[in-house]
Amino acid sequence: MNTRYKIIGVVIVLAIVGVALLTRGGDSANVGDTENGSLDRVVYEVEGGTTTGVETFGEPVFGDLDGDGELSDAAVWLTYDGGGSGTFFYAAFALKDSGGYVASKALFLGDRIAPQNIEIQDGLAVYNYAVREEGEPMTAQPSVAKSTWVKLDFSTNKVVEVTESGEPENSPEPEPKPEAGVVMCKPEQRNQDACIALYKPVCGLVNVQCIKEPCPPLEQTFSNSCEACSNELVDSYTGGACE
Ligand SMILES: [Ca+2]
């Protein structure tokens with residue numbers, strides 16, 4: 001009956017091996033591994049929707065970048081090698097939601113920069129890296145420290161540059177606005193017998209008699225553009241009362 005025992009022995013061994021394999025399969029599907037796996041599987045794109053040649057660089061840094069209070073979002077460096085001599089670096093986020101990680105659109109940082117690290121604070125990510133001095137050739141070693149503050153623009157799902165305080169980097173300056181609205185007085189506005197009593201204030205630029213340069217015109221609020229231009233010292237005005 002030796003043969004019988006051998007068969008039983010083989011069956012038992014196979015059963016143990018089978019259970020072991022099944023258990024290992026179960027382990028590899030646990031939560032932690034799945035999260036890491038899906039972060040690795042995130043597909044990032046750069047301008048124009050390009051995904052080919054786009055790779056992550058270095059280790060992701062985790063924090064809350066989508067404002068849901070969970071510190072599981074990742075900020076990453078991306079490189080894009082388009083086949084030319086350049087290696088373009090980008091900032092991108094992998095945002096964690098219930099379905100796993102979703103890539104944001106990337107922000108271009110520079111060509112052949114030297115990445116240092118990423119810090120996340122208050123929903124902003126700071127990318128620290130080194131660039132070349134202005135005018136230096138691309139062959140020079142990047143030596144000038146640079147930091148770019150970025151955050152997620154929720155409406156476009158894109159990483160956008162902001163100032164240290166989180167304001168959009170390219171927001172229009174408040175000063176040029178009135179300049180853009182400067183209206184020159186027209187000749188026919190010069191000899192008005194009377195202006196209608198409309199109150200639509202403007203800020204007139206009143207020329208002053210110049211004793212010593214510079215002599216910027218004084219700002220004075222007029223009740224409407226007719227009143228302003230009736231004053232022969234006023235050449236132009238902007239809409240609204242003077243500030
Ligand atoms: Ca989050």
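This passage describes the strands, sheets, nonpolar cores and selected loop residues of a predicted model of one protein chain.

The secondary structure of the protein chain consists of four helices and 13 strands. The chain has 243 residues, of which 19% are buried. When contacts between residues at least 6 apart in sequence are considered, 48% of them join residues at least 24 apart.

Strands of a sheet pair through backbone hydrogen bonds, in either a parallel or an antiparallel manner. One open sheet in the model is formed by four strands in the order S6-S7-S8-S9, with antiparallel pairing. S6 and S9 each have a single partner strand and stand at the edges, so one side of each has no neighbour in the sheet. On average, neighbouring strands of this sheet are turned by 35° against each other, direction ignored. Within the sheet, S8 and S9 are paired in the antiparallel sense over five bridges. Lys-158 in S9 is the bridge partner of Asp-153.

A further open sheet of four strands has the order S10-S13-S11-S12, and its pairing is antiparallel. Its edges are strand S10 (183-184) and strand S12 (218-222); each has a single partner strand, so one side of each is left without a neighbour in the sheet. Strand S11 (residues 202-206) runs antiparallel to S12, and five bridges join the two. In this pairing, Leu-205 is placed opposite Glu-219 in S12.

The largest nonpolar core contains 31 residues, and the members that touch the most others are Leu-78, Tyr-90, Ala-91, Ala-92, Phe-93 and Ala-106. At least two residues of this core are supplied by each of strand S2 (73-80), strand S3 (88-97), strand S5 (107-111), strand S7 (124-131), strand S8 (144-153) and strand S9 (158-162). S3 gives the largest share, eight residues. The surroundings of one core member, Ala-91, can be listed in full: with residues up to four places away in sequence not counted, Ala-91 touches Ala-106, Leu-107, Leu-109, Ala-125, Tyr-127, Thr-148, Val-150 and Val-159. A second core, separate from this one, has nine residues, including Leu-205, Phe-222, Ala-228 and Tyr-237. Leu-205 is thus a member of the second core and also the residue opposite Glu-219 in S12.

Three loop residues were examined individually. Arg-112 is found in the loop between S5 and strand S6 (114-121). Although Arg-112 is not a glycine, its phi is positive, at about 55°. Arg-112 has 17 C-beta neighbours inside 10 Å and therefore counts as partly exposed. Asn-157, in the loop between S8 and S9, likewise is not a glycine and has a positive phi of about 55°. Asn-157 is partly exposed because 14 other C-beta atoms lie within 10 Å, a number between the limits of 12 or fewer for exposed and 20 or more for buried.

The third residue, Arg-132, lies in the loop between S7 and S8. With 19 other C-beta atoms within 10 Å, Arg-132 is partly exposed, because a buried residue needs 20 or more. Arg-132 and Ser-143 are separated by eleven residues in sequence, and the distance between their C-alpha atoms is 5.7 Å. Apart from neighbours within four places in sequence, Arg-132 is in contact with Ala-140, Pro-142 and Val-144.

Technical notes
Residues numbered from 1 in each chain as written. Predicted model: local features only at pLDDT ≥ 70, side-chain atom pairs only at ≥ 80, totals over all residues. Core = buried A, V, L, I, M, F, W, Y, C linked by C-beta atoms within 7 Å. Contact = placed C-beta atoms within 7 Å. Pairing = 2+ DSSP bridges. Axes fitted to C-alpha atoms, helices over the stretch in contact; angles between N-to-C directions.
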